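Could you walk me through a strand, its sheet and a pocket in this protein? Please keep it friendly enough for someone in their first year.

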Amino acid sequence: CEIYDPNTNTWTSTGSLNKARILPKAIVLQNGKVLVAGGDAGLNPVAECEIYDPSTGTWSYTSSLPSGTLANELVLLPNGNVLSIGGTTLWSGAAVTAIYEISTGTWRTTAQLNVPRSFHTATVLDNGKILVVGGMDEESGAPLAICEIFDPSTETWSLTGTLSYARYSHRTVKLLDGRVITIAGYSTGFL
């Protein structure tokens with residue numbers, strides 16, 4: 001791992017992950033530490049999670065996801081907990097949706113998506129709810145147009161509007177006025 005310092009325009013080596021992986025998800029916690037969850041270790045989805053402490057430059061294990069996953073999304077919830085959404089286990093379908101409890105350092109499962117998916121996006125809306133857009137259907141491998149909203153106060157999912165073009169491996173960005181734009185991706189070709 002390396003850290004970029006914009007003041008000196010340089011990269012510096014820092015501690016290495018304990019578990020090597022590709023395609024991990026990472027998120028900055030409210031305490032400034034970084035949580036890494038999921039990824040792939042040679043066609044072997046990773047369940048082990050780690051936390052980076054920038055004050056010491058070291059990684060330490062924390063509790064593992066309920067199942068190994070890759071192509072999931074991580075979202076910081078308003079209360080400081082982290083939501084891991086969907087993803088794939090490669091061989092046995094969709095990964096579970098789980099919440100990392102910051103106070104205990106443990107994961108617990110929560111309500112599952114209505115439509116299992118991977119390679120989707122997740123955006124925190126102005127009202128604190130999470131919009132999940134598109135992705136790949138874990139049964140057929142087809143791109144999805146179906147979108148869902150997670151309500152952190154009730155820990156429930158509900159279906160919402162559908163995309164004009166089904167897609168996965170895209171990006172979403174929340175605009176300053178609260179609307180969300182979806183950009184690019186793959187459908188029956190590149191978008």
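Here is a short tour that begins with one sheet and ends at a pocket.

**The sheet**

Keep in mind that this is a predicted model. Let's start with an open sheet of 4 strands, in the order β3-β4-β5-β6, with antiparallel pairing. At its edges sit β3 (25–28) and β6 (58–62), each of which pairs on one side only. Neighbouring strands here are turned by 25 degrees against each other on average, if you ignore direction. As general background, strands of a sheet pair through backbone hydrogen bonds, either parallel or antiparallel.

Here is how the neighbours in this sheet are joined:

| Strand pair | Sense | Bridges |
|---|---|---|
| β3 and β4 | antiparallel | 4 bridges |
| β4 and β5 | antiparallel | 3 bridges |
| β5 and β6 | antiparallel | 5 bridges |

You can follow the pairing residue by residue, too. K25 has A37 in β4 as its bridge partner, and V34 is matched with Y52 in β5. C49 stands opposite T62 in β6. β5 and β6 also form a hairpin with 4 residues between them. In that turn, G57 has a positive phi of about 70 degrees.

**Inside strand β5**

Is β5 enclosed or open to the outside? 5 of its 5 residues are buried, so β5 is largely enclosed by the rest of the structure. In a regular strand, side chains alternate between the two faces of the sheet. In β5, both faces are covered: C49, I51 and D53 are buried on one side, and E50 and Y52 are buried on the other.

C49 is a nice residue to zoom in on. It belongs to strand β5, which spans residues 49–53. Its relative accessible area is 0%, and buried means under 20%, so C49 counts as buried. Which residues does C49 touch, not counting those up to four places away in sequence? The list includes L35, V36 and A37, a run from S60 to L65 (S60, Y61, T62, S63, S64 and L65), and W107. C49 and K25 are 24 residues apart along the chain, and their C-alpha atoms are separated by 9.8 Å.

**A separate hairpin**

There is another pair of strands to look at. Strand β1 (residues 2–5) and strand β2 (residues 10–13) pair in the antiparallel sense over 4 bridges. E2 has S13 in β2 as its bridge partner. β1 and β2 form a hairpin with 4 residues between them, and N9 in the turn has a positive phi of about 60 degrees.

**The largest pocket**

How much space lies in the largest pocket? About 210 Å³. Its lining is made up of L23, P24, K25, L70, A71, N72, E73, F119, H120, S169, H170 and R171. By class, that comes to 5 nonpolar, 4 polar and 3 charged residues. K25, the residue paired with A37 in β4, is one of the lining residues.

Two other lining residues, A71 and F119, deserve a second look. Most residues other than glycine have a negative phi. A71 has a positive phi of about 65 degrees although it is not a glycine, and F119 has a positive phi of about 55 degrees, again without being a glycine. A71 lies in the loop between β6 and β7 (73–76), while F119 is in the loop between β11 (117–118) and β12 (121–124). A71 is buried, with a relative accessible area of 8%, whereas F119 is partly exposed at 32%.

Methods: Residues are numbered from 1 along each chain as its sequence is written. This is a predicted model: local features need pLDDT of at least 70, side-chain atom pairs count only at pLDDT 80 or more; totals for chains, interfaces and linings use all residues. Side-chain values use heavy atoms; hydrogens and water are left out. Helices (H or I, at least four residues) and strands (E, at least two) are DSSP runs, numbered from the N terminus. Buried means under 20% relative accessible area, exposed over 50%, partly exposed in between (1.4 Å probe, protein chains only). Contact means heavy atoms within 4.5 Å. Two strands pair if DSSP finds at least two bridges between them. Axes are lines fitted to C-alpha atoms, for helices over the stretch in contact, and angles run from 0 to 180 degrees between N-to-C directions. On a 1 Å grid over the protein atoms alone, a cavity is a set of points where a 1.4 Å probe fits but cannot get out, and a pocket is an open set with protein on both sides within 12 Å along at least five of seven lines; lining residues have an atom within 4 Å of a point. Grid points are joined across faces, edges and corners, and a volume is the space filled by probe spheres set on the points. Ala, Val, Leu, Ile, Met, Phe, Trp, Tyr, Cys and Pro count as nonpolar, Asp, Glu, Lys and Arg as charged, and the others, Gly among them, as polar.
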